[in-house]
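Subject: The structure I promised

Hi,

Here is the structure we talked about, ready for you to load. Have a look at it first, and then read on for what turned up.

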Amino acid sequence: MIEAHPRENKDKTVGYLNILYRYDYKHYFSLGIKIQMKHWDSKKKKLNPKVKGSAEINDKINEAIRTIEFRSNSLMEKGEEPTVALVKEYWDYCQAGDKWHKERDEANKPMFERIASTRPLEIEELEALLAKKKRELDRALFKLGRETPDEVTTPSAPLMLEMLYKYIRKRTGVPLEVTQKNNGDKFSGVERQWRSWANTLIEFTKSKHAKSAELTFDLQNLNGDFYDAYAAFLMNPETYDLFNNTFGAHVKKLKTFLRWCDTDQNKAVDRRYKDFKILEEKKTIVCFTIEEIDLLWNWKPTLKRAHKDAIDIQKYIDFTVFSFLTGFRISDVLQVQDMRIDGEFLKGTTIKTNNHFKVPLLIDDRILEILNKYNFNLRLFSDTEYNRSIKGILKEFCKEHDLRQDTVPIKRFKLKKGYPTEVYFWDEYSSHCNRRGFVSYAYDMGYDIKEIKEIIGTSSDREIEKYLKKKENHLTEKLRKIRRFQELEELEAKRLGNTV
């Protein structure tokens, strides 16, 4: 645990700022700053930003936390325990001035030599790494026609990789080389995605595709050759075998990273990267019927865990049913505000589109039942977590009920080349499938497109048409309803005529 912690005086009006670090025991690192406790935000662990001088003090808090985190993480990288004693030694070293550093180093030289004698393997590894870097530098200089390394003093990583490590640490709070957070918490789904993408990019820099294209990774020459080599690497069956959708997600992250280098870090970036296409494929959106949803609702799975992150699979089933009955995607639930019951409707506003939804509760009693079960908070997982976990759950469900056992023919693309293939129903299932199921279900119940748009809170006819799965006989079915209505009118007219 690393957090800011003011130690209060007896009457609790004044506090002295410390950074609390807990590993083998608790220790408070003093910042030497006195504050009024009424100005302290105990939830955010910072000084109230409205207080004069708070920005400077909060910056010092953040810098102190970063210093302790850096030392703790670096120890963990080496396989050492980040004990309070080792972290404190580094803290004291950082707090002193340059003169004190030199005096301390000289005074403690025997101690350093003694420590070095107990870590011969570590020193050998560092010396081997240094020798390797020197050989790489010599080869690079030789190619440039230089005989001596006088003009370049130290070997360095390409600028793109240097910025990449910096970006991932900023984005996830932990260096890329570290496999877990300092406090033992797991990385979030988004953090795992970014770290996975970064490792894949690093792998690309070492690939034969990058070498054959003679890419330098210095943030220059971000042209078509770079894009083509990146695509060839990720789409190669021997590496990642990605199709356009997933490749597009990699390119989107790459462009976000390059934009950060360009605008936030003021690095000289070849802006042709802005022309990199984020490819997409037309997604095959499958959906359940209402009868299958009823089966799922009543299913008592024998499966204990569909995925290591899905501790309780019932919440995935509940959300699937709720989403099918309301048309909500996960993104809608995560970005909704002011969700409330208003008379016979579930109402609210989606932050992303600022559209108002209006779901009739009479559609199904289970809507309100699920809302009450989770206290109106259905932020149960991320979109990625749901889409990953629901596939395993539905595979078990479909097999147990002998549903959807036939494969679905689809066509995947790598750039412009198509690859026909077949997949199972559950392999294509995502939160969007629930929305399609609702739109089709509502249409079959008699709602028209305008009314469905009002229910789910969208102004786009195209979105509804994309999700709507009309039955093949929907035109003849509508004609039958009209004729049946006319027959009833005729019967009623005859009945009234006979009573006169």
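How many bridges pair β1 with strand β2 (residues 14-22), and in which sense? There are seven, and the pairing is antiparallel. Before I go on, please keep in mind that this is a predicted model.

**The sheet at the start of the chain**

One of the bridges is easy to find: E3 has L20 in β2 as its partner. The two strands, β1 and β2, make a hairpin with five residues between them. If you check the backbone torsions there, you'll see that K12 in the turn has a positive phi of about 60 degrees.

The hairpin belongs to an open sheet of three strands, in the order β1-β2-β3 and with antiparallel pairing. At the edges sit β1 (2-8) and β3 (26-36), each of which pairs on one side only. On average, neighbouring strands in this sheet are turned by 30 degrees against each other, if you ignore direction. As a reminder, strands of a sheet pair through backbone hydrogen bonds, either parallel or antiparallel.

**Two helices on that sheet**

Helix α1 lies across β1, β2 and β3, and runs at about 20 degrees to β2. Helix α2 lies across β2 and β3, at about 45 degrees to β3.

These two helices also meet each other. The axes of α1 (residues 54-77) and α2 (residues 84-95) come within 10 Å and cross at roughly 135 degrees. That angle makes α1 oblique to α2, and the crossing is right-handed. From α1, the contact uses A64, T67, I68, F70, R71 and L75, while α2 brings L86, V87, Y90, W91 and C94. Sorted by class, that contact has nine nonpolar residues, one polar and one charged.

**A second helix pair, further along**

Next, have a look at helix α9 (residues 224-235) and helix α10 (residues 244-264). They pack at an angle of about 135 degrees, with their axes 11 Å apart, and are therefore oblique to each other. The crossing of α9 past α10 is right-handed. On the α9 side the contact is made by F226, Y227, Y230, A231, L234 and M235, and on the α10 side by N244, F247, H250, V251 and L254. By class, this contact of α9 with α10 has nine nonpolar residues, two polar and no charged ones.

H250 deserves a closer look. Is this α10 residue buried or exposed? H250 is buried, because its relative accessible area is 14% and the cut-off for buried is under 20%. Leaving out residues up to four places away in sequence, H250 touches W197, T200, Y230, L234 and L242. Of these, Y230 and L234 are also on the α9 side of the helix contact.

K252 is in α10 too, but K252 counts as exposed, at 53% relative accessibility. If you want a distance to check, the C-alpha atoms of K252 and F276 are separated by 8.7 Å, and these two residues are 24 apart along the chain.

**A phenylalanine in a loop**

Where does F328 sit? Look in the loop between α12 (314-326) and α13 (330-334). F328 counts as buried, at 3% relative accessibility. Setting aside neighbours within four places in sequence, F328 is in contact with F319, F322, S323, V333, M339, L346, F357, V359 and R435. There is also a C-alpha pair to check here: F328 and S431 are 103 residues apart along the chain, yet their C-alpha atoms are separated by 8.4 Å.

**The whole chain**

For the overall picture, the secondary structure comes to 19 helices and 10 strands. The protein has 500 residues, and 39% of them count as buried. Taking the contacts with a separation of 6 or more, 57% are between residues 24 or more positions apart.

That's the tour. Shout if anything is unclear when you open the file.

Cheers

Terms used. Residues are numbered from 1 along each chain as its sequence is written. This is a predicted model: local features need pLDDT of at least 70, side-chain atom pairs count only at pLDDT 80 or more; totals for chains, interfaces and linings use all residues. Side-chain values use heavy atoms; hydrogens and water are left out. Axes are lines fitted to C-alpha atoms, for helices over the stretch in contact, and angles run from 0 to 180 degrees between N-to-C directions. Helices (H or I, at least four residues) and strands (E, at least two) are DSSP runs, numbered from the N terminus. Angles under 35 degrees count as roughly parallel, over 145 as roughly antiparallel, 65 to 115 as roughly perpendicular and the rest as oblique. A crossing is left-handed if the near helix is turned anticlockwise from the far one by less than a right angle, and right-handed if clockwise. Contact means heavy atoms within 4.5 Å. Ala, Val, Leu, Ile, Met, Phe, Trp, Tyr, Cys and Pro count as nonpolar, Asp, Glu, Lys and Arg as charged, and the others, Gly among them, as polar. Two strands pair if DSSP finds at least two bridges between them. Buried means under 20% relative accessible area, exposed over 50%, partly exposed in between (1.4 Å probe, protein chains only).
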